[in-house]
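Got the model open in your viewer? Switch to cartoon, keep the selection box handy, and follow along stop by stop.

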Amino acid sequence: MDIANSKPSYPLPLEFLLRGIEYTVVRGSYSKTANGLEIESVLSDSREVKAGALFVAIRGAEYDGHDYVSAALANGCAAVICEIGRIHPDTLGDWTGILVEVEDSSKAYGLVAANYYGRPADQLTFIGITGTNGKTTVTYLLEAVLLHAGQKVGVIGTVNNRYVGDSDEMTVLPTQLTTPEAMMLQKVLREMADSGVRYVIMEVSSHGLAQNRISNICFTVAAFTNLSRDHLDYHTSMEEYFFEKTKLFTEHMVEGSIAVLPADPAGKEEFPWHAPLVEKCRDHCAKIIYWGDEAAADIRLLGYDLQLDQTQLEIQADGEKITLFSRLIGRFNIDNILATFGLCSALKLNLNTVIEGLRKAGGAPGRLERVVDSMDEPVDGPVVLVDYAHTPDALEQVLSTVASLPHGELYCVFGCGGDRDNGKRPLMGEIGCLFSDVAIVTDDNPRTENPDEIVNQILAGSAATGIEQKSVHWLKKRSRGERGVIVERDRRNAIQLAITSAGPEDVVIIAGKGHETYQLSSRGRLFFDDTLEAKNVFCSWTSARVAKSVGGKLSSDNREFRLLGEVLTDSRVVGNDSIFVALKGEKYDGHEFAAQAVENGAVCLVVEKEVVLPPEKDVSQIIVTDTLKALGDMAAYRRAQLAKICNQTVIAITGSCGKTTVKEMVAAILQRKWVVGPDHQEDCVLKTQGNFNNLIGLPLSLLPLSLTHCAAVLEVGMNQAGELQRLSEIVDPDISCIVNIYGAHLEGLQSIDGVAKAKEELFEGTKKSGTLIVNLDDPRVSSLAEKYEQTKITFTVLEENLQKNPDIWVTDVEFAEIGSTTFTLHSGIEKEDIHLFAAGEHNVSNALAAAAISYGAGANIQEIAAGLADFRPADKRMEILQAKGGYRLLNDTYNANPASMAAGLKTLKQMAGQYCVAILGDMLELGETSKEAHFELGRLVAQLHIDDVGFIGEFKDSAGKGALTGGLDSENIRLFDEKVEAIKWVNELVRRKKLGQDGLLLVKASRGLRFETIVSELAS
């Protein structure tokens, strides 16, 4: 059987996996034929071992696999590879597998991995890059040149693993290590080889070399970029660090290989590595190509011009003088370009192809990567550069490079990682302060260490420079040229402080994380992206953007491009650099409070007439004809601008009742889709707070939308025609849901048909590419949806509607006395059991609406089930409380209309034990139908056989008559003029032992009656 150069078929004979390895079988029968033991998988983690696996016991930095052989045996492994003498055969009990000994198990693991995947390296040409800094940038530059030359290229690197094969499409594979673990590496190489890749560019780390991860891979060309202090938490000394690096040239080069080296290391060497490296390469490589500014260099730098937006180089190569332009900036990037040129020369690439490929190359993510403002009316702000520099040498290179370019002042945000080499912390503190005008020390992967201790060690270095530590407030009042260092441990705040404090001529360096999109702390691995955070700051409001968004006249602005804070409508709220929108109401005029808003931090006013302020106040004013409309226009502008930059799902939910509950359910589900952790931030799902759903509340709910949000779940309400049309214009929803349509807000809408027409405005305002969520159980919603061509997702609770082929439906609904509900949720052929901590049949319908919305947003049925299990009812919405008298109290005092009253009473009856009682108040905004609606409410109380009921409010008489007409005895009906009378009545029911532990009390009314005061008196 020949497994080389081909994708093998599994399982594989053990003897083939051991090809090329010197080994001894010390236990178990073993055949040297193809009929020997067959292996299903190869693993070095005992926790992942399954039956038929080969477990390789490897000595790692923190764990030794030999200590976990017994765990691998317990999980059913068929064979074990260990190092000589580490596992005694007699300690393996009655295990019937095969134990194999080798001299070096990590090296053997790499070779086994190569054999397992059919030795894909034999089909590929490898170019390796090692060194402390610059590896990633060189891989990106060389990749760009090779792709420009029409080659099929793969890259194994720090940022990711990626390749362009026969399909000419870029395939990106995630990675966790610069040089992947052996089995992962060989799997990726197998995929690349099968896809037609010819060249593989690999970042080769000292860890990867020390741990034999690259196994049998040999390189045709390899470059060494530089050497400086790093990874001394892993390597015991610089000597060891250097030795491991040189293994690339001494153990992994093909015959006739070429080494690409600097002609002479730039600057003073901390460790004398250059001469020994040259000697090793002369012994093991056929040729060395040197780059640098030395006269003897093969790729010689003759001169250069550095700018903040590009670099011009004059190079002599192959006897020719070349002018080369690059988008990369900084002196150290010149070295990266020269190293790449040397690699291209070794590969004998066409000179014009190299020049053009390097001109187009953008470099590596997070390596002096410029953050661009993508909004309309771009900010004339500082140049912001994100860089991976996390070592003293790298930080000095970045800062000294930028400091040498034309600029005003230099701000630097940086920190040091925890559980790593703490000797570099004071060095980085000193470097950060020496080169920066303003140094901001912040957290950078503190891991399990106390971040304050890390900061103190950094500050010890900054103190040596004589630069004073300042408070955060100093940034706002400092004078140009005044230097200082501040501490802001919250990295997001640190980035915002730096960018908003710097001027248009300044440069902000955000160092340490680069391409990484996570922060490691005592809370684990959480998503954090320096570039994204900087872009978010650039998405801030400016006076010019506010003026454009509202079509207003900008006046009184001396700093048109300063970055502003949040949008406020309450002058009492303190907000730094905030925008105050002066709204006018029936009883107030925000213009009268503009001065107070300015005192509380507002620096921009949106007003209908210019406000007179003291001359020393540097406040911009934007004059509009209608500040309420302006507030909505600002929210619409932000929504539209962010939609151009990133993909976000914006959801709008309306309905006569249940919309707030559905909103909360959807948010809970989407938080399960976009789980807080390595991939998503805590606040990645924006939702309406409370019931901020009208022409004021909805814009205020939408305005905090940022690039870090994956979705916005917005409740939209109305009480008259035209409101939802306007709200739809503001929200521009991707998904729209009308939960239901009942008689509510009839004062403004006259009839239920008027309600339906007003609700339809949401569907009508949804884009053609949007999705409509349709409640098949509501004939009005279902009928409205038929008019529209958008994609529809339908749901039903009712069995008779199953014939309509809903997308989401339910079976096996059961209600528990404790207020929870269980049912089976169906979606196509999938189904999931749901445990909902909410009472009532109406909440089953709400849950299905939420499921349908979330399905439209991309959630799967498992995420839907988990999110619904997480959901808890909002305050005052069917909230189950324990009362002082020992009974349970159902608090539904948030609001009321005929539909929600019916749902509440039905839930009361479903949940009640031996006795149920209700205190019910007026349903407001029902207009001319009020008396009739309350009469029908009383009838429903009687029909449901509620034991006792108390009515309060203007329409209590109508409700009482309805209860009598429905058949409830008059002695069970009470009419109260005051809420305190109802409280006394309930206490009397308790005293008479009529209302006890088996009893349940419902308290419900429209919000205007403030029935929560009753609840607070009765609840414990």
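Select residues 808-815 and 821-827: these are strands E38 and E39, which pair in the antiparallel sense over 5 bridges. Keep in mind throughout that this is a predicted model. For a landmark on this pair, pick Phe815, which stands opposite Thr821 in E39.

Now add residues 791-796. That's strand E37, and with E38 the pairing is parallel, over 2 bridges. Here the residue to click is Phe795, sitting opposite Ile808 of E38.

Stay on Ile808, which belongs to strand E38. Buried or exposed? With a relative accessible area of 1%, Ile808 is buried. Show its surroundings and, setting aside neighbours within four places in sequence, you'll find contacts with Thr794, Phe795, Thr796, Leu825, His826, Ser827, Leu848, Ala851 and Ala852. If you want a distance to draw, go from Ile808 to Lys831: the C-alpha atoms are 9.7 Å apart, with the two positions 23 residues apart in sequence numbering.

**On to helix H28**

Select 898-911. Helix H28 has 14 residues and reaches 20 Å from first C-alpha to last, close to the 20 Å expected at 1.5 Å a residue. Colour by burial and 10 of those 14 residues come up buried, so H28 is largely enclosed by the rest of the structure. The buried set is Ala899, Ser900, Met901, Ala902, Ala903, Gly904, Leu905, Thr907, Leu908 and Met911.

What covers the buried residues of H28? Turn on helix H26 (841-856) and helix H29 (930-943), then strands E41 (879-882), E42 (888-892), E43 (915-921) and E46 (999-1004); the cover includes these elements.

**Helix H7, with a bend**

Jump to 238-251. Helix H7 also has 14 residues, and its end-to-end C-alpha reach is 20 Å, close to the 20 Å expected at 1.5 Å a residue. Look along the axis and stop at Lys245, where H7 bends by about 30°.

Lys245 is also one of the buried residues of H7; the others are Met238, Tyr241, Phe242, Glu244, Thr246, Lys247, Leu248 and Phe249. To see what they pack against, show helices H4 (135-148), H6 (206-210) and H8 (274-284), along with strands E8 (125-130), E13 (219-224) and E14 (253-262).

**A five-stranded sheet**

Next comes an open sheet of 5 strands, in the order E2-E7-E6-E5-E4 and with mixed pairing. Its edges are strand E2 (24-27) and strand E4 (41-43), each pairing on one side only. Turn the view and you can follow the twist: neighbouring strands of this sheet are turned by 25° against each other on average, direction ignored.

Zoom in on the E4 end. Strand E4 runs parallel to strand E5 (residues 53-56), joined by 3 bridges, and Ser41 stands opposite Ala53 in E5. Now bring in helix H3 (residues 105-116): H3 lies across E4, E5, strand E6 (79-83) and strand E7 (98-102), and runs at about 155° to E4.

**A hairpin to click through**

Select 161-164 and 170-173. These are strands E10 and E11, antiparallel and joined by 4 bridges. Asn161 faces Leu173 of E11 across the pair. The two strands form a hairpin with 5 residues between them, and Asp168 in the turn has a positive phi of about 65°.

**Checking the cysteines**

Show all the sulfurs. How many disulfides are there? The count comes to 0. Try Cys82: its sulfur is 11 Å from the closest cysteine sulfur, in Cys77, which is too far for a bond. Cys82 is buried, with a relative accessible area of 0%. Then try Cys281, whose closest cysteine sulfur is in Cys285 at 4.7 Å, again too far for a bond. Cys281 is buried as well, at 0% relative accessible area.

**Zoom out**

Finish with everything on screen. The protein chain has 32 helices and 46 strands, and its C-alpha atoms fill a box of roughly 105 × 85 × 55 Å along the principal axes. Of its 1020 residues, 58% are buried. Switch on contacts between residues at least 6 apart in sequence, and 67% of them join residues at least 24 apart.

Note on methods:
Residues numbered from 1 in each chain as written. Predicted model: local features only at pLDDT ≥ 70, side-chain atom pairs only at ≥ 80, totals over all residues. Heavy atoms only, no water. Expected span 1.5 Å × (residues − 1). Bend = angle between axes of the 7 residues up to and from the residue. Buried < 20%, exposed > 50% of the residue type's maximum accessible area, 1.4 Å probe, protein only. Contact = heavy atoms within 4.5 Å. Pairing = 2+ DSSP bridges. Axes fitted to C-alpha atoms, helices over the stretch in contact; angles between N-to-C directions. Disulfide = S-S within 2.5 Å.
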